[in-house]
Amino acid sequence: MALLDIDNLHAKIDGEHGKEILKGLSLKVNPGEVHAIMGPNGSGKSTLSYILAGKEDYEVTDGTVTLDGEDLLEMEIDERAAKGVFLAFQYPVEVPGVATMTFLRASLNAQRKKRGEAEVSTPDFLRLVKDKAAHLGINQDMLRRGVNVGFSGGEKKRAEILQMAILEPKLCVLDETDSGLDIDALKVVSEGVNALRSPDRAMIVITHYQRLLNHIVPDFVHVMNKGRIVRSGGKELALELEANGYAEYQQDAA
């Protein structure tokens, strides 16, 4: 059974006259796999990530999405998170007044409670965060500051990967994680992502650029255009897109 099974998904912006964005998208992702989704702006890549995470403002009009055989679309946002769905944002938001350390612990224990598991004790949590943060170059000062407040672009992305390392989700969706990163920050973030690859965890990496996929090497690459996947292949497809762009797919879909 696929970890994530998307079949003929149609979705639009919520509202009576909302624009349809996803137009029959299908995708299967098995445990242990990394799938890259590439495509031009406006093709629906971020919309797909938002729908998987349960973001409001979008209405699914047709199709199904299952996670481990369960209907993902029927789950509330907190239930999806507890079941193992994690979305790393393209533009992580600031949360003033909430220390990063407090946020991490609250998130972890909320998910554990939802699954009927015991909360993590303070000493165990501190050891966990210290270990994970060290690998991402995150110091104690960052952990004491408000979530993403005053962080650089690279620091925000590293903080997102720290959340992922602490929560250990089944399905990681990375929405243009490389956006705004210089090459050094990209390497650090990519190493953090690669450290989380496992036979039980799947990843969907949304990106415009081949450079991210030099560091997070995918098993499969998909081209998305006008709300659906129009071509799939191996990692070599990303190199082809880097060389030739998306023009032929946009013409085919016109």
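1. A cavity, in the sense used here, is a set of grid points where a 1.4 Å probe fits but cannot get out, whereas a pocket is an open set of points with protein on both sides. With that in mind, please note that this is a predicted model, and that a search of the whole structure finds one cavity of 30 Å³ or more. Rolling a probe the size of a water molecule over the atoms shows where empty space is left.

2. The space inside the largest cavity comes to about 40 Å³. Its lining consists of T100, F103, V147, N148, F151, A159 and Q163, and two helices, α3 (100-114) and α6 (153-167), each contribute at least two residues to that lining. Sorted by class, the residues around the largest cavity are four nonpolar and three polar, with no charged residue among them.

3. The largest pocket is a separate item to look at, with a volume of about 640 Å³. Of the 28 residues that line the largest pocket, A81, L87, F89, F103 and Q163 are the closest to its centre. A reader following these names will find that F103 and Q163 also appear in the lining of the largest cavity.

4. Which elements each supply at least two residues of the lining of the largest pocket? They are the helices α1 (45-53), α2 (77-83), α3 and α6, together with β6 (85-88). The largest share, seven residues, comes from α3. By class, the lining of the largest pocket holds 19 nonpolar, four polar and five charged residues, while the lining of the largest cavity has no charged residues.

5. Helix α6, which helps to line both the largest cavity and the largest pocket, also packs against another helix. Two packed helices are described by the angle between their axes and the distance between the axes. For helix α4 (residues 122-135) and α6, the angle is about 135° and the axes lie 10 Å apart. Angles over 145 degrees would count as roughly antiparallel, and those from 65 to 115 as roughly perpendicular; α4 and α6 are therefore oblique to each other. Their crossing is right-handed.

6. Turning to the strands, six of them form an open sheet in the order β6-β9-β10-β3-β11-β12, and the pairing within this sheet is mixed. Its edge strands are β6 and β12 (228-233), each of which pairs on one side only. Neighbouring strands of this sheet are turned by 20° against each other on average, direction ignored.

7. At one edge of the six-stranded sheet, β6 and strand β9 (residues 171-175) pair in the parallel sense over four bridges. L87 has V173 in β9 as its bridge partner, and L87 is also one of the residues closest to the centre of the largest pocket, which makes L87 a convenient residue to locate when moving from the sheet to the pocket.

8. At the other edge of the six-stranded sheet, strand β11 (residues 220-225) and β12 pair in the antiparallel sense over five bridges, with G233 in β12 as the bridge partner of V221. These two strands form a hairpin with two residues between them, and K226, in the turn, has a positive phi of about 50°.

9. A further open sheet is made of four strands in the order β2-β1-β4-β5, and the pairing here is antiparallel. The edge strands are β2 (20-29) and β5, each pairing on one side only. Within this sheet, β1 and β2 are joined over seven bridges in the antiparallel sense, and A11 has L22 in β2 as its bridge partner. On its other side, strand β1 (residues 4-13) pairs with strand β4 (residues 58-67) over eight bridges, also in the antiparallel sense, and the bridge partner of K12 in β4 is E59.

10. How many bridges join β4 to strand β5 (residues 70-71)? There are two, and these strands run antiparallel, with T66 standing opposite D71 in β5. The hairpin of β4 and β5 has two residues between the strands, and D68 takes a positive phi near 55° there; a positive phi is likewise found at K226 in the turn of the β11 and β12 hairpin.

Terms used
Residues are numbered from 1 along each chain as its sequence is written. This is a predicted model: local features need pLDDT of at least 70, side-chain atom pairs count only at pLDDT 80 or more; totals for chains, interfaces and linings use all residues. Side-chain values use heavy atoms; hydrogens and water are left out. On a 1 Å grid over the protein atoms alone, a cavity is a set of points where a 1.4 Å probe fits but cannot get out, and a pocket is an open set with protein on both sides within 12 Å along at least five of seven lines; lining residues have an atom within 4 Å of a point. Grid points are joined across faces, edges and corners, and a volume is the space filled by probe spheres set on the points. Ala, Val, Leu, Ile, Met, Phe, Trp, Tyr, Cys and Pro count as nonpolar, Asp, Glu, Lys and Arg as charged, and the others, Gly among them, as polar. Two strands pair if DSSP finds at least two bridges between them. Axes are lines fitted to C-alpha atoms, for helices over the stretch in contact, and angles run from 0 to 180 degrees between N-to-C directions. Angles under 35 degrees count as roughly parallel, over 145 as roughly antiparallel, 65 to 115 as roughly perpendicular and the rest as oblique. A crossing is left-handed if the near helix is turned anticlockwise from the far one by less than a right angle, and right-handed if clockwise.
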